[in-house]
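Subject: Structure handover

Hello,

Here is the structure I said I would pass on. Please open it before reading the notes underneath.

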Amino acid sequence: MQDPADLAFPEPDQAAKAVSKRLLERIRGEIRATPYGRIPFCRFMDLALYAPGLGYYSAGSAKFGPEGDFVTAPETSGLFARSLAGQIAEVLPMAGGNILEVGAGSGVLCLGILEELERLDTLPDRYNILELSADLRQRQEALLKSRSPDLLGRVRWLSAWPDAPWDGVIVANEVLDAMPVHRVLKIEGGWRETCVGDGDEGLFFDDCEVTESRLRKVLDNLDVQASGLPEGYQTEINLAGGDWIRGIGGFLRRGLVLIVDYGYPRSEYYLAERNQGTLMCYYRHRAHDNPLQRVGLQDITAHIDFTALAEAAVEAEMDVLGFTTQAQFLLGCGILDMSTADDVIEQARLAQQLRTLLMPGGMGEIFKVLALGREIEPGLLGFAVRDERFRL
Ligand SMILES: C[S@@+](CC[C@H](N)C(=O)[O-])C[C@H]1O[C@@H](n2cnc3c(N)ncnc32)[C@H](O)[C@@H]1O
């Protein structure tokens, strides 16, 4: 019988259910193969999102836009891509080189940035896209081919970081929140890691010993930096984000890294009152907090600890060039000047998009922009209105 709490969620079609069933079998097989019949939540999230051909981002569901599960800023309005292009155009002549977008979704941000850079006469030779999903890569190519075939020739798809010193601008919008996280629970005298087991009633959560030394170290630091978190406190730790930054530190010779995502500085993330963490799932524009449902058919995300990213950047000998809210960043890039139109209906449409992108208490404030770099002067356009690095 269907759980009444599920009634608000549209039923997946048969094809989607079949993919989800195969993914569940894959996950159950992996759980059964472990000595204790448990896998860390982090591994579960990795499989649920990225198992080849089956995971949420690897299989063929709609994901983005009104037909999908969520709407990102570049899907909301072309003003977002134009604003980012303004920031990129300021830096590219300084840095030289090209653009590298990580996790390009539907491809709409790439299209918007290239079109604006063409208008500004600062097109780079190459716009590289590092994309894990073969399905999304096809969709990105199809979008560029249909909307701007002339620009498609500049786009190259990569499956790994550049293996030689690289100059240019790296862009990642809502990528780090989609990286698998460790879920942890505070108990008397320490921390436990959330694991996933498989039983007669389906997948279930259990708590296990923290065995990974890197996770243990982060939790030891958290005990010092956010002392007094109560027993029963549940949260997430994103180790993959730091690895990702250190990966960039390994090849970036001169350039800028622009990270846009939702999250907080550490002092605002691990608050006693945020005792259930920030993990959220999105299915057909409905948000909920149970990642064990609709496995492979829903997005799973967690907010970003921006202090952890800044620390990883410093460790990798990169500079932290700016940190601010999405609203302040877009205002700094001149979004208001881009939002005028002669046509009244178009003007109303742009005003509505502006509200969504800049909304305090919504996208405008929950989303932050972190700029990292090497051999780039601080004082970037996007942080001219307000630079809040002091919060990190
Ligand atoms: C929420 S979607 C955002 C898509 C797009 N950037 C946008 O704003 O519409 C997350 C994207 O991040 C990608 N992703 C997650 N981890 C990644 C990684 N380590 N390397 C490259 N892409 C990654 C996913 O494949 C997916 O395309």
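What follows is a short account of what was found, arranged by region. Please keep in mind that this is a predicted model.

Parallel strands 2 to 5

A good place to start is strand 2, residues 98–102. Five of its five residues are buried, so strand 2 is largely enclosed by the rest of the structure. Asn-98, Leu-100 and Val-102 point one way, Ile-99 and Glu-101 point the other way, and all are buried.

Strand 2 pairs with strand 3 in the parallel sense, over four bridges. Strand 2 also pairs with strand 5 (residues 166–173), again parallel and over four bridges. Glu-101 takes part in both pairings: its bridge partner in strand 3 is Ile-129, and in strand 5 it stands opposite Val-171.

Strand 3 (residues 127–130) is in turn paired with strand 4, parallel and over four bridges. Within this pairing, Asn-128 stands opposite Arg-156 of strand 4.

Which residues of strand 4 are buried, and which are not? In a regular strand the side chains alternate between the two faces of the sheet. Strand 4 (residues 155–158) shows this alternation, with Val-155 and Trp-157 buried on one face, while Arg-156 and Leu-158 point to the other face and are not buried.

The open sheet of strands 11, 12 and 13

Further along the chain there is an open sheet of three strands in the order 12-11-13, with antiparallel pairing. Strand 12 (286–288) and strand 13 (299–301) are at the edges with a single partner strand each, so one side of each has no neighbour in the sheet. On average, neighbouring strands here are turned by 25° against each other, direction ignored.

Strand 11, residues 280–283, pairs with strand 12 over three bridges in the antiparallel sense. One of the residue pairs is Tyr-282 with Ala-287, the latter in strand 12.

The loops of this sheet contain a few residues to look at. His-285 is in the loop between strand 11 and strand 12. His-285 has a positive phi of about 65° although it is not a glycine, and its relative accessibility of 40% makes it partly exposed.

The loop between strand 12 and strand 13 holds Arg-294. Arg-294 is not a glycine either, yet has a positive phi of about 45°. Is Arg-294 buried or exposed? With 15% relative accessibility, Arg-294 counts as buried, because the cut-off for that class is under 20%.

Asn-290 lies in the loop between strand 12 and strand 13 and counts as partly exposed at 25% relative accessibility. Leaving aside neighbours within four places in sequence, Asn-290 is in contact with Cys-281 and Gln-298. Asp-121 is 169 residues from Asn-290 in sequence, and the C-alpha atoms of the two are 47 Å apart.

Helices 9 and 11

Helix 9 covers residues 239–251, and its buried residues include Trp-244, Ile-245, Ile-248 and Phe-251. The N-terminal end of helix 9 is capped by Asn-238, with a side-chain oxygen 3.1 Å from the backbone nitrogen of Ala-240.

Helix 11 (residues 306–315) has a similar cap: a side-chain oxygen of Asp-305 lies 3.0 Å from the backbone nitrogen of Thr-307. Among the buried residues of helix 11 are Phe-306, Leu-309 and Ala-313. Their cover includes helix 9, strand 10 (252–264), strand 15 (319–325) and strand 16. Just after helix 11, Glu-317 takes a positive phi of about 60°.

Arg-374

Arg-374 belongs to strand 16, residues 367–374. Which side chain of opposite charge is nearest to Arg-374? That side chain is Glu-317, 5.4 Å away, and Arg-374 is buried yet has no salt bridge.

Arg-374 does have polar contacts with backbone atoms. Its side chain reaches the backbone oxygen of Gly-249 at 2.9 Å, and the backbone oxygen of Glu-317 lies 3.2 Å from a polar atom of the Arg-374 side chain. Leaving aside neighbours within four places in sequence, the residues in contact with Arg-374 include Leu-252, Arg-253, Gly-255, Met-318 and Asp-319.

Regards

How values were computed. Residues numbered from 1 in each chain as written. Predicted model: local features only at pLDDT ≥ 70, side-chain atom pairs only at ≥ 80, totals over all residues. Heavy atoms only, no water. Pairing = 2+ DSSP bridges. Helix = DSSP H or I, 4+ residues; strand = E, 2+ residues; numbered from the N terminus. Axes fitted to C-alpha atoms, helices over the stretch in contact; angles between N-to-C directions. Buried < 20%, exposed > 50% of the residue type's maximum accessible area, 1.4 Å probe, protein only. Polar contact = N/O pair within 3.5 Å; in protein donor to acceptor, adjacent residues only side chain to side chain. Lys, Arg positive; Asp, Glu negative; His and termini not counted. Salt bridge = Lys/Arg side-chain N within 4 Å of Asp/Glu carboxyl O. Contact = heavy atoms within 4.5 Å.
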